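Biologist: Let's go through this one together. I'll ask why you use each label, and you tell me the cut-off behind it.

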Amino acid sequence: MAYDKFTVLRSTAVPLPIENVDTDQIIPARFLKATKREGFGDNLFRDWRYNGDDTPKKDFVLNNPIYSGKILVGGKNFGSGSSREHAAWAIYDYGFRCVISSFFADIFKGNSLNIGILPVTVSPEFLDKIFRAIEADPKAEIEVDLPAQKVTIVATGESEGFAINTYKKHNLTNGFDDIDYLQAMKEEIKEFADKSLY
């Protein structure tokens, strides 16, 4: 299994109400030397999280202990910039399993879906409601229901649906990457190949 199955996630959330967050801000280029997915979380938002002497910047949200959870809530156009997969790897390795925004860069969205992060696109109005709910209560929970394709602000019950590719939804709910998907179908593939020989 490539990653944990994603069905229903209920969690507190970390707010990052900044628009046009690009992949170089998510994981700076100098940390792209590794080819395995592990270890990138340590440098997630590195230049925003740390000073030049490696001391934490107190005003950055990931350094604020009142915020935690498996959901990252970002501003519009999240994941823009280069196509590096490492940006999604860093978010996953840090512990996030879902990113909510009103718009994602296509390549970042695809990279996230490929490794088990669910990018949820909501309307700007609903995104603002989520930010306001977290501002009012940092422990406010958000529920992301992948089978129902719905995200809910638990305290108020307000919810909104979201779209997702059927194939990617299937893979996420089963914890599959593309290779796992093919391996799960190996009997059908073998049967088809055997029939094609005659």
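Biologist: How many aromatic pairs does the structure hold?

Modeller: The structure holds eight aromatic pairs. Rings of Phe, Tyr and Trp (its six-membered ring) count as a pair if their centres lie within 6.5 Å; planes under 30 degrees apart are stacked, over 60 edge-to-face, and the rest tilted. Bear in mind that this is a predicted model: local features need pLDDT of at least 70, side-chain atom pairs count only at pLDDT 80 or more, and totals for chains, interfaces and linings use all residues. Residues are numbered from 1 along each chain as its sequence is written, and side-chain values use heavy atoms, with hydrogens and water left out.

Biologist: Take Phe 78 and Phe 104: what makes them an aromatic pair, and which kind?

Modeller: Their centres are 6.3 Å apart, so they pass the pairing limit. The planes make 75°, so the pair is called edge-to-face.

Biologist: Why do you say the pair ties together separate parts?

Modeller: Phe 78 sits in the loop between strand 2 (71-74) and helix 3, and Phe 104 in the loop between strand 3 and helix 4, so the parts joined are 26 residues apart in sequence. Those elements are DSSP runs numbered from the N terminus: helices are H or I, at least four residues, and strands are E, at least two.

Biologist: Are those two rings, Phe 78 and Phe 104, buried or exposed?

Modeller: Phe 78 and Phe 104 are both buried, meaning under 20% relative accessible area (exposed is over 50%, partly exposed in between; 1.4 Å probe, protein chains only). Phe 78 also has company beyond four places in sequence: its contacts (heavy atoms within 4.5 Å) include Leu 16, Ile 26, Phe 45, Ile 91 and Phe 108.

Biologist: Which members of the largest nonpolar core touch the most others?

Modeller: Phe 45, Phe 78, Ile 100, Leu 118 and Val 144, out of 52 residues. It's called a nonpolar core because it is a set of buried Ala, Val, Leu, Ile, Met, Phe, Trp, Tyr and Cys residues joined through side-chain atoms within 4.5 Å.

Biologist: What makes helix 3 mostly covered?

Modeller: Seven of the nine residues in helix 3 (residues 86-94) are buried, among them His 86, Trp 89 and Tyr 92. The buried ones pack against helix 1 (23-26), strand 3 (98-101) and helix 4 (106-115). Right after helix 3 comes Gly 95, with a positive phi near 125°.

Biologist: How do you know that Arg 97 lies over Tyr 92?

Modeller: Arg 97 is 3.6 Å from the ring centre, over the face. The rule asks for NZ of Lys or CZ of Arg within 6 Å of the ring centre and within 35 degrees of the ring normal. Arg 46 does likewise over Tyr 50, at 4.3 Å.

Biologist: What makes strands 5 and 6 a pair?

Modeller: Strand 5 (residues 141-145) and strand 6 (residues 150-153) share four bridges, antiparallel, and DSSP need find only at least two, so they pair. Ile 142 faces Ile 153 across them.

Biologist: Why is Thr 152 called buried?

Modeller: Thr 152, in strand 6, has a relative accessible area of 12%, so it falls below the burial cut-off. Outside its sequence neighbours, Thr 152 contacts Glu 141, Gly 157 and Ser 159, among others.
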